[in-house]
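Biologist: Could you walk me through this one? I'd like the reasoning behind each label.

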Amino acid sequence: MNDEFFAALRARVRGKILRGEPMARHTSLKVGGPADFFVTPADRDDLAALLVLLAETGTPFLVVGGGYNLLVRDGGIRGAIISLACFEEMEQLGGGKVRVGAGVTNRRLVQFMRDGGLGGLEFLCGIPGTVGGALAMNAGAHGEAVLDHVEELVTIRDGKVLQTGRDGLDYGYRFLRLAPGEIIVGATFRLEPADPDQIGARIAGYLEHRATSQKIGFPNAGSFFKNPEGAAAWRLIDGAGLRGERVGGAQVSESHANFLVNRGDATAADFLALAARIKDEVRQITGIALEEEVRIVGEE
Ligand SMILES: Cc1cc2nc3c(=O)[nH]c(=O)nc-3n(C[C@H](O)[C@H](O)[C@H](O)COP(=O)(O)OP(=O)(O)OC[C@H]3O[C@@H](n4cnc5c(N)ncnc54)[C@H](O)[C@@H]3O)c2cc1C
């Protein structure tokens, strides 16, 4: 089936196609087994052609952005990984509105906003990843979250393009409800006119704060667990005496107890075992059930 499917992919999709691609190359934790196929469609038409083929063959798929919030198990991904790296458009529409493709990096978006004198998304400057990933996660920092600035989200569901205003979205802390297989292809943001120098100063302040508070030094995926209501996950982990705790090559960071790091030779199984131990000990001590912020996907 895989040879046949590969041939069909090559015949019908113009973008880049990799076979048996190690996901460790595409995740900031640097772990994860191979994806059967890793496809980067060239544009929207190419994505549409890919989705038709996937539907015809009943092939499962998963969209990834920068892989900064993703733990892929060691057995890898059956089916296709889709990267929207070619969805890079950014366009000012007037009235403070900006249309952005899902593959744009947060860093590029923030620079574009600064240069265009539009404020509001400065908090995204230190959050690694793509706009698609930020929207899917409702990424945020400094008390702000990205979906609060969205005017319209553009997704593809069952082959149809949907445009949904913010009021129609079900979202919250690090959460956006998407239907199974729904893909974010872009969004329109509504922002406020602001002085580029002041925007630049806010960005510099946020980056400096991050540089001093998050000296991690090893591959990681940012905060591994969500903050439970009224508590900080790092404090609970620290309080359980788990700072520096290690399973194989996975370790609770010495500098930030909610960051799990790869000391060089970690496997996904190491991270999963360490996360399970943390959840267990924190629950026993505090009664609080920690929930992963990192998305865990793939086969054992
Ligand atoms: C050092 C460091 C610091 C971090 N700091 C923060 C922080 O301050 N705040 C914060 O919120 N996060 C933070 N993160 C986590 C991470 O950067 C964010 O979650 C980011 O938004 C992930 O974007 P991504 O493109 O890498 O998404 P991925 O990790 O590739 O994907 C994340 C999830 O989104 C889904 N997804 C991605 N793109 C799409 C799409 N187009 N359509 C549908 N689903 C999609 C994926 O399937 C997956 O479930 C940090 C990470 C690191 C490594």
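The talk below takes up the ligand, then the domains.

Modeller: Happily, and please keep in mind that this is a predicted model.

Biologist: What makes the pair between Val63 and the ligand a polar contact?

Modeller: A backbone N or O atom of Val63 lies 2.7 Å from an oxygen atom of the ligand. The cut-off for such N or O pairs is 3.5 Å, so the pair counts as a polar contact.

Biologist: And why is the pair at Ile184 called a polar contact?

Modeller: There a backbone N or O atom of Ile184 lies 2.9 Å from a nitrogen atom of the ligand. That value is within 3.5 Å, so the label applies.

Biologist: How much of the ligand does the protein bury?

Modeller: The protein buries 91% of the 980 Å² that the ligand exposes when taken alone.

Biologist: Which element gives the largest share of the shell around the ligand?

Modeller: Helix 4, with five residues. In all, 33 residues surround the ligand, and the shell divides into 17 nonpolar, 11 polar and five charged residues.

Biologist: What makes Pro128 nonpolar and Gly65 polar, two of the closest residues to the ligand?

Modeller: Pro is listed as nonpolar, while Gly is counted among the polar residues, so Pro128 and Gly65 fall into those classes.

Biologist: How much area do domain 1 and domain 3 bury between them?

Modeller: About 1,300 Å², 61% of it on carbon and sulfur atoms. In domain 1, Leu29, Asn69 and Leu71 lose the most area to domain 3, together 48% of what that side buries.

Terms used:
Residues numbered from 1 in each chain as written. Predicted model: local features only at pLDDT ≥ 70, side-chain atom pairs only at ≥ 80, totals over all residues. Heavy atoms only, no water. Near = heavy atom within 4 Å. Polar contact = N/O pair within 3.5 Å; in protein donor to acceptor, adjacent residues only side chain to side chain. Areas by Shrake-Rupley, 256 points an atom, 1.4 Å probe, with all protein chains shown as cover. Helix = DSSP H or I, 4+ residues; strand = E, 2+ residues; numbered from the N terminus. Buried area = accessible area lost by both parts, 1.4 Å probe.
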